[in-house]
Amino acid sequence: MSKVIAFAGSNSKTSINKQLATYASKLLSNVNVEVLDLNDYELPLFGVDKEQEIGYPENAHRFLEQIKSSDGIIVSLAEHNGAYSAVFKNLLDWMSRIEGKTFYGKPMLLMATSTGKRGGQNVLGIAQDRFPRHDANIIDVFSLPSFNDHFSEGSIIDKELNLELKAKVEKFQNALQLKVKTEY
């Protein structure tokens, strides 16, 4: 059975992006899902001086191992001032120093949400440009605008947006199945 990791690019204890990633992961079938929390992978602020002083932190290795041992990735990125959250950017910086091909070619469902009408479009654009350089295999992209209007009690309540996400999750699931078949 395939293993998928799902996480938010946020360390908020009430992260709307973690809620979206969790919901999307529950739409998968016959897959083992592990929802990760960036709070379990605290890291010092990346800098070359810090890297020379301490090497690569164990938590960066641990998160990278989660990616490597998975068959696919569902990530929903928080948008802070039009870009990645500081906690996610810091994690990406540390991991990319260990392994430049950070995402190991794993199928990825890339998402974002926000309370605003653009639904994290800026951070999605940045990630769509950057992640393939780290060997991300982005299968599809989903943006949920106006989170508080469209998400309630653990699911998307807007019918059209929910159908859109379900179609994208199905495409991601098909990519997972193809990946697993080609490995055997």
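Colleague: In strand E7, which residue is the bridge partner of Met111?

Modeller: Good place to start! This is a predicted model, in which local features need pLDDT of at least 70, side-chain atom pairs count only at pLDDT 80 or more, and totals for chains, interfaces and linings use all residues. Residues are numbered from 1 along each chain as its sequence is written, and side-chain values use heavy atoms, without hydrogens or water. Strands E6 (residues 107-113) and E7 run parallel and are joined by seven bridges, and in E7 the partner of Met111 is Phe142.

Colleague: How many of the eight residues of E7 are buried (under 20% relative accessible area, 1.4 Å probe, protein chains only)?

Modeller: E7 spans residues 137-144. The strand is largely enclosed by the rest of the structure because the number of its buried residues is six.

Colleague: Which helix gives the most to the largest nonpolar core (buried Ala, Val, Leu, Ile, Met, Phe, Trp, Tyr and Cys joined through side-chain atoms within 4.5 Å)?

Modeller: That core has 29 residues, and Phe7, Phe63, Leu77, Leu110 and Phe131 touch the most other members. Strands E1 (2-9), E3 (72-77) and E6 and helices H3 (58-68), H4 (86-98) and H5 are elements that each supply at least two residues. With five residues, the top contributor is H4.

Colleague: How many residues are in the other core?

Modeller: This core lies apart from the largest one, and Leu28, Leu109, Met111 and Val169 are among its members. Its residue count is 23.

Colleague: Which residue caps the N-terminal end of helix H1?

Modeller: H1 covers residues 16-26, and Asn17 is one of its buried residues. The backbone nitrogen of Asn17 lies 3.1 Å from a side-chain oxygen of the capping residue, Ser15.

Key:
Buried means under 20% relative accessible area, exposed over 50%, partly exposed in between (1.4 Å probe, protein chains only). Helices (H or I, at least four residues) and strands (E, at least two) are DSSP runs, numbered from the N terminus. A polar contact is a pair of N or O atoms within 3.5 Å; within protein, one must be able to donate a hydrogen and the other to accept it, and residues adjacent in sequence count only if both atoms are side-chain atoms. Two strands pair if DSSP finds at least two bridges between them.
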